[in-house]
Amino acid sequence: ACRSETRGAAAGQCILAERPQGQVELEHLDLADLSSVQRFASRFKEDHDRLDLLINNAGVMMPPRRQETEDGFELQFGTNHLGHFALTGLLLDLMVRTAGSRVIAVSSLTHRAGRIHFDDLQSQRSYNAATAYSQSKLANLLFAYELQRRLEAAGSQTIVAAAHPGWTSTNLQRNYTLIRWLNPLLAQRPAKGARPALYAATAPGVAGGDYYATSGFMELGGGPTRVGSSDRARDEAVAGK
């Protein structure tokens with residue numbers, strides 16, 4: 001599932017080059033457009049009778065000026081949280097019918113700086129790129145933990161876990177000049193940054209509500225390991241709201 005069908009097709013070809021026996025289906029999905037989310041979910045459910053794994057990995061990071069999604073939400077909150085919230089909700093009935101299914105929310109170290117600004121949720125009165133990004137990444141964890149609680153209460157065997165990639169060099173940081181300069185010195189490559197999410201998605205023994213990250217200094221790099229999150233991420237009143 002990819003916003004750019006050209007880049008999605010290229011990724012599919014890379015997968016098949018390494019695993020010719022694999023099967024890859026490409027679908028257009030723009031999480032900054034809720035009508036695109038709706039169309040994707042409808043197509044998927046028409047063509048598939050099960051869904052084992054959903055990794056909510058798409059992200060926008062710190063655009064220098066305030067931008068909006070197609071539906072008028074602040075771009076980072078709308079893409080990173082609301083788009084994934086809608087996608088998960090639209091596919092959840094399929095997942096709860098699939099034994100052993102998992103939802104993985106991809107958050108960030110920056111969730112620790114985040115607060116949910118209910119009085120200005122869409123940064124309309126005041127926009128700061130880093131503040132809005134941290135809010136969206138905190139929202140990812142609040143959503144993961146709240147959905148896990150609700151699934152447990154409903155007696156569902158579907159679990160929700162979360163992960164973050166540490167400091168990983170990708171084009172996500174194209175708007176952040178300082179990080180781009182430091183990436184060659186300090187950042188890990190994308191294949192390593194993907195490991196915490198892949199571990200949460202596939203490893204035996206992962207429990208609902210677990211949060212995985214990299215095991216090195218300050219969770220910046222290294223192999224996958226279970227970590228803690230901020231007190232604000234565990235605030236059940238805020239999560240419910």
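**View A. Cysteine 2 and cysteine 14 in the predicted model.** The sulfur of cysteine 2 lies 12 Å from the closest cysteine sulfur, that of cysteine 14, which is too far for a bond. A disulfide needs the two sulfur atoms within 2.5 Å. Seen from the other end, cysteine 14 is in no disulfide either, and its nearest cysteine sulfur is that of cysteine 2. The structure as a whole holds zero disulfides. Cysteine 14 is also exposed, with a relative accessible area of 52%.

**View B. The largest cavity and its lining.** The structure holds one cavity of 30 Å³ or more. The volume of the largest cavity is about 40 Å³. Seven names mark its wall: Asn56, His81, His84, Ala105, Val106, Asn140 and Phe143. Three elements each give two or more residues to this lining: helix H3 (75–96), strand E2 (102–106) and helix H4 (129–153). By type, the lining residues are three nonpolar and four polar, with no charged residue.

**View C. The buried side of helix H7.** Helix H7 spans residues 195–202. Its buried residues are Pro196, Ala197, Ala200 and Ala201. They cover an arc of only 135° around the axis, so they sit on the same side of H7.

**View D. What covers the buried residues of H7.** Strands contribute to this cover: E1 (53–56), E2, E3 (159–163), E4 (211–214) and E5 (224–226) are among the covering elements. Helix H6 (190–193) is also included. Strand E2 appears here as well as in View B, where E2 gives two or more residues to the cavity lining.

Conventions:
Residues numbered from 1 in each chain as written. Predicted model: local features only at pLDDT ≥ 70, side-chain atom pairs only at ≥ 80, totals over all residues. Heavy atoms only, no water. Buried < 20%, exposed > 50% of the residue type's maximum accessible area, 1.4 Å probe, protein only. 1 Å grid on protein atoms, 1.4 Å probe; cavity = no way out; pocket = protein on both sides within 12 Å on 5 of 7 lines; lining within 4 Å. Points joined across faces, edges and corners; volume = space filled by probe spheres on them. Helix = DSSP H or I, 4+ residues; strand = E, 2+ residues; numbered from the N terminus. Nonpolar A, V, L, I, M, F, W, Y, C, P; charged D, E, K, R; others polar. Arc of directions from axis to C-beta. Contact = heavy atoms within 4.5 Å.
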